[in-house]
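Q: Can you walk me through this one? I have not looked at it before.

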Amino acid sequence: MKSLVLTLAVLMANAVVAQETATPKDTLKKKVEVLDEVKVATKKQLIKVESDKTTVSIKDNAMLSTGTAYEAVKKLPGVIASPTGGLSLNGKGVAIYIDGSPSTLSGTDLENYLSSLPANAIEKVELIYNPGAAFDANASGSVINLVTSSKRLKGVNASFNINYNFNKYQKPSPQILLNGKEKNLSWQTMIGYNYIDREQLSKNGQTFTSFNPDKYLDQRRLTLTTNRNFYMRIGTNYKLSKKSNLLFNYNSTYSNDRDVFDAKTTGSDITEYLNDGVTKTKSNNHELSLQYKTKLDTIGRTLDITAFSNSFNRNPDSKSNAFDGVTSSYNNFSSDFGLLNYYLKYDFAIPFEKLKLSINTGGKFNTIKVNNTGSYNLNTPITDIIDFDYKETNLAFYAEARKKIKKFNFTLGLRYEDFNVDRSGLVDNTRTDLDFSNRNIFPNVSALYEVAPSVNVSASYSRKISQPNYSALDPNGSSFDQYNASSGNLLLNPTFYDNYEFKISAMDFIQLGANYSVAKDENLFILNTEPGQLVSTQTFQQFDKFKTMSVFANFPIPLDYFFKGKEEFKNRMNNIDKMNYIFLNINYIKNLTEGYNFSFESKPVWNYAAQAQILLPWDIKSSMTYFILPEGGTWQIYKITKPIQQFDISLNKDFLNKKLKLGIHAFDLFNQNEVNALVSSTNLETNFKEKNDSRVFRISLTYKFGNLKLEKENTDIQVEKVQSGGGLVK
């Protein structure tokens, strides 16, 4: 393995040197520009590995661009979808950002939002491993920043897309994209509709250990989910001057979803308990953002001001029937959920080129209000009301300095955060109000050494915090019956993280690193029960100390070098669309939970992923991805009892001078993606299984019409910084 990587590094270095010798540096830009109707050929990269982040192109990647944003993010290098929900990056928790602003949604609301956002609305995704002071301290360990499409074409042009999904059900998802540019105003409008049906089968084999002898429950639940959502995304950029831009975006999503469920419970002292019904959920999300960017002078000082607001509402209504073999009963649920967020921030960059120094400073203020009122009937006509209120205000300021000394690059940052949180709800059937303030300093420091022009070694440290989100706190739960309950934990405290990382990156493709994270008061999802009760509750529990050690490696295998020869490999290095390759990602993750007794031996988790591009005859491009998380490892506090794996394949071909693109895709071709885990807690052990009908076949069709030539414009004012630790000062 080492010899392969070293050989690859030498080959890539030779290719890059040859390219830079033969090609002016100005032609190495990512975008294709049209100047006086003359097309300038440029180098396109689908994956770019840097010392502080990895950038993955989405819109230009046929494997990632046909589905939803959530599907695309789960396939990115180092990203693992937790068996119990949520995402992690190289073993650490992540904060989701969209166009540089943190998302206020959490839990299933965030997952549903990303599932409603089409992947082709995303230009690229930045995987930021150890974010610096410019990012919110409330980022736990890593940041995944989704950068939406910003290309503007001269005149008026459009593209029509349609995805047709086939599983047990067949549903279309059409979309139309209009964009253009007239004088100083450029604009883009995306309108689409998703219609998706899918099934989920979950099984729980539970042992209640507080009884003597133990008692058992076997539970089975089949849910048919119908997701219907309409989305609209409007973006404009007005060029105020050669140095200033004003950007406006409005995004909205309207959803009308339905879950039809059929559940059965058997076990100790139970004949048979049946529960079937339907949950209907209407929701809507609105986002407004206004951004002003300006370059203040010729020495490169820049100012960036962003104002952002979003409102989210959700109204689930569940009607169910239950029968325990003796008497019939019912359990109904409805709630009114609302979230309102305001966010204002500024960033100011001051470069000192002669000193090879840059200073960045900024601040932000935001407020979040959440209210959720739930109404419950469980085996009785009496209605129980649970009212949850949450309000958070956050004021923050930061300063970050970057200094280059010969081959060393140093970064030192400091962020001040002032959190004020009020939350109230039911705890043990008693109304509880909690108010607290949290003022802290969050430092970050990093050092990078340039071993060679394309090889860097870096080390970094950062201190972060994770405020418990509303989905973890809210005592309202939407999944309950005679033997099951779900609720948040209003008493959770913030989690503090100390994150350490060491990394080697080379040739824009190769990465080898390790990170170590120590979390105090970590909040983890768990199934537990009270002594002497046959009811399991899904909730969150706080653990005193949670440590994570992760080792990761990303590197490509250049198939063209082995099958086409060295010279042809060099030629294809300039055009990723003409290359055959396999990109590998390997993760080793070891979790240690202090003060928690497992019923099994805690072992590390390995995760292997591969993405391949193979060029076929007749200009057909095939893309393939495969990942596997083997059995036996311990993810957080859950033991994986069966491998989690999936294989996807995509075939794409262009027609009509690339105006028409046809794709045929198969996701989870062998129908192997399911979660099997052992969840151990006090008084309860749960063998958990969840299987989604993840084998889906999809036909995608994209037709572009109008002017397809990109007009050169200054929509992005570059500042002299990389917004996370370890970046280079140019």
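**A first look at the chain**

Q: How many helices and strands does the protein chain have?
A: The protein chain has 6 helices and 37 strands. Keep in mind that this is a predicted model.

Q: Then what is the average pLDDT?
A: The mean pLDDT of the protein chain is 84, and 88% of the residues score at least 70.

Q: Where is confidence lowest, and where is it highest?
A: Strand β1, residues 34-35, is the low point with a mean of 37. The high point is β20, at 94.

Q: And over which residues does pLDDT stay under 50?
A: Residues 1-42 are one such stretch, and the model gives them 52 contacts beyond four places in sequence. Residues 710-730 also stay under 50, with 84 contacts of that kind.

Q: OK. What share of the residues counts as buried?
A: Of the 730 residues, 52% count as buried. The accessible surface of the chain is about 32600 Å², and carbon and sulfur atoms account for 56% of that surface.

Q: What about contacts between residues 24 or more positions apart?
A: They make up 67% of the chain's contacts with a separation of 6 or more.

Q: Give me one residue as an example. Where is Val125 found?
A: Val125 sits in strand β9, which covers residues 122-128.

Q: Buried or exposed? And why does Val125 count that way?
A: Val125 counts as buried because its relative accessible area is 1%, and the cut-off for buried is under 20%.

Q: What is Val125 in contact with?
A: Apart from neighbours within four places in sequence, Val125 is in contact with Thr54, Thr55, Val56, Ile58, Leu76, Ile144, Asn145 and Leu146. Leu146 is 21 residues away from Val125 along the chain, yet their C-alpha atoms are separated by 4.7 Å.

Q: New topic: empty space. How many cavities of 30 Å³ or more are there?
A: The count comes to 8. The largest cavity has a volume of about 130 Å³. Of the 12 residues that line the largest cavity, Phe509, Pro556, Ile576, Tyr581 and Phe583 are the closest to its centre.

Q: What kinds of residues are in that lining?
A: The lining of the largest cavity has 12 nonpolar residues, no polar ones and no charged ones. Strands β27 (536-558) and β28 (581-594) each supply at least two residues of that lining.

Q: And pockets? What is the volume of the second largest pocket?
A: The second largest pocket has a volume of about 1300 Å³. It is lined by 39 residues, and the closest to its centre are Asp428, Asn429, Ala485, Ser487 and Thr537.

Q: Which element gives the most to the lining of the second largest pocket?
A: That is β27, with 4 residues. Other elements giving two or more include β19 (357-378), β20 (384-405) and β35 (674-681). By class, this pocket lining has 13 nonpolar, 22 polar and 4 charged residues.

Q: Last thing: backbone geometry. Which peptide bond is cis?
A: The bond from Asn212 to Pro213 is cis, with omega near 0°. Pro213 lies in the loop between β13 (185-208) and β14 (215-239). For background, most peptide bonds are trans, and most residues other than glycine have a negative phi.

Q: Which residues other than glycine have a positive phi?
A: Leu656 is one of them, with phi near 55°, and Lys658 has phi near 70°. Leu656 is in the loop between β33 (644-655) and β34 (660-667), and Lys658 lies in the loop between β33 and β34 too.

Q: Are they buried or exposed?
A: Leu656 is exposed, with a relative accessible area of 56%. Lys658 also counts as exposed, at 61%.

Methods:
Residues are numbered from 1 along each chain as its sequence is written. This is a predicted model: local features need pLDDT of at least 70, side-chain atom pairs count only at pLDDT 80 or more; totals for chains, interfaces and linings use all residues. Side-chain values use heavy atoms; hydrogens and water are left out. On a 1 Å grid over the protein atoms alone, a cavity is a set of points where a 1.4 Å probe fits but cannot get out, and a pocket is an open set with protein on both sides within 12 Å along at least five of seven lines; lining residues have an atom within 4 Å of a point. Grid points are joined across faces, edges and corners, and a volume is the space filled by probe spheres set on the points. Ala, Val, Leu, Ile, Met, Phe, Trp, Tyr, Cys and Pro count as nonpolar, Asp, Glu, Lys and Arg as charged, and the others, Gly among them, as polar. Buried means under 20% relative accessible area, exposed over 50%, partly exposed in between (1.4 Å probe, protein chains only). Contact means heavy atoms within 4.5 Å. Accessible areas come from the Shrake-Rupley method with a 1.4 Å probe; for residues, only the protein chains shown count as cover. pLDDT is the predictor's confidence in each residue, from 0 to 100.
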